[in-house]
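Please work through the exercises below with the sequence and the structure side by side, trying each task before reading its solution.

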Amino acid sequence: MHHKSRQLYIAPRNLRSISIDTEKRTAWIQAGATLGEVYYRIAQKSKKLAFIAGVCPSVGVGGHLSGGGYSMMSRKFGTAADNIIDAKLIDASGQIQDRESMGEDHFWAIRGGGGTSFGLIISWKVKLLDIPEKVTVFKVTRTLEQNATQLIYKWQHIADKVDDNLLLRIFLWNTESQLSHGIKTVHAFFFTMFIGGVDDLLHEIQDRFPELGLVKKDCIEMGWIESILFFNSLPRGTSPDVLLHWNSSTYNVGFFKGKSDYVQHPISINGLEGIWKLLNQLSSIKNSNAMLEFSPWGGKLSEKLESETPFPHRAGNIFMIHYGVNWGNIENSKRNIAWNRKLYRYMAKYVSKSPRAAYFNYRDLDLGVNNKRNTSYEQARAWGVKYFKNNFDRLVKVKTKIDPTNFFRNEQSIPPLLS
């Protein structure tokens, strides 16, 4: 445990320092660092240690970890927030606190409840995870003409039940292909990470999901750091140095709207076909593209109690959906946002209920927003229970205790109880 008697050094710019202890398998990561920088620095030190967090290298550590943090290894190791063991922050009175001095309630709140409600995060201390020198990855694409509907239907029955080392994720795009002769059609991309060798992966897929038709030449064994580049569609052999200079503007999509859901019962074939129809409707809007992520649950994600951290999405979920749409022309914003909301309404009967849950890191202001200064508990609860379920009430109590004047606030920050 870090003692508050130690001096705290804060880097003068950007708060991007990363300090790794390979013997203790821990790292102190300042909040301004990007995930790409973290992954690079860990890989510099060890080929057998990793940290679990999102795929996108440009995402900042400070917010990502405080909202949960889903990873291509989350079925094995849980969320990023599950692996936080200490933190430093500046509280509402301007004091620097660590886990010992802030207390366990405050420390609980920032690991999934959104750090911006409870202070200014300076740095996280995280647990590094043991991994083999080689992992196995693949990307396999199937169109509707190649039985994608039936494959996704079957995937729903096995994705949360396969070996914990296997995370089989699906990305759905409406895009052109050689087979579609310039016409957009739905493609299902099966993105997979297996923490182990290709032979064990093939055995698991052939046992649980033979319908996918996976063969050995589809799979690649590589180091963990290489897998980060692979899932960002960079050519094999690209230097990991790119993670230090990741220019998010290179991948700029213009405008974007996203929403999220959790699925607890398989979506029917008819339900899936309704999604395809809606995806195809977007083709009529110029320079617009839809992307749906189906991210599987099970394993370590489902083992923890809902109350263990503010991130409550545990047992009972099969997978999470992220509905994304991006477009290039601002004049098409209204149509694209309307389409995104139409898809969300359509999905209501297929997803979790009471509450209809959502992932805090896929922030969605459609769910409700705070007043500029003060928000009532009842007003905030409308969106709060969707992100945090029963943990929302405990978050409000922590907020009331440590920041009763609501100094740290934003559109969807946790409000204190008004006296």
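## Exercises on aromatic rings and the core

At 5% relative accessibility, Trp224 counts as buried, in a model that is predicted.

**Exercise 1.** Classify the ring pair formed by Tyr39 and Trp224, and locate both residues along the chain.

*Solution.* Begin with the whole structure, in which a search finds 24 aromatic pairs. For the pair in this task, the ring centres are 5.3 Å apart and the planes stand at 80 degrees, so the pair is edge-to-face, because planes over 60 degrees apart fall in that class. Next, place the partners: Tyr39 belongs to helix H1 (residues 35-45) and Trp224 to helix H8 (residues 224-230), so that the pair links distant parts of the chain, 185 residues apart. Finally, consider burial: Tyr39 has a relative accessible area of 1% and is therefore buried, since the limit for buried is under 20%.

**Exercise 2.** Find which residues have the most contacts inside the largest nonpolar core.

*Solution.* The largest nonpolar core has 127 residues, and those with the most contacts inside it are Phe138, Phe190 and Trp224. Taking Phe138 as the example, and leaving aside residues up to four places away in sequence, its contacts include Phe190, Phe191, Leu168 and Phe230. As a general background, nonpolar side chains in soluble globular proteins tend to be buried together.

**Exercise 3.** Identify the ring over which the charged end of Lys139 sits, and the ring over which Lys259 lies.

*Solution.* The charged end of Lys139 sits over the ring of Phe230, 4.8 Å from its centre. Lys259, in turn, lies over the face of Tyr344, at 4.3 Å from the ring centre.

Key. Residues numbered from 1 in each chain as written. Predicted model: local features only at pLDDT ≥ 70, side-chain atom pairs only at ≥ 80, totals over all residues. Heavy atoms only, no water. Phe/Tyr/Trp six-rings, centres within 6.5 Å; stacked < 30°, edge-to-face > 60°. Helix = DSSP H or I, 4+ residues; strand = E, 2+ residues; numbered from the N terminus. Buried < 20%, exposed > 50% of the residue type's maximum accessible area, 1.4 Å probe, protein only. Lys NZ or Arg CZ within 6 Å of the ring centre and 35° of its normal. Core = buried A, V, L, I, M, F, W, Y, C linked by side-chain atoms within 4.5 Å. Contact = heavy atoms within 4.5 Å.
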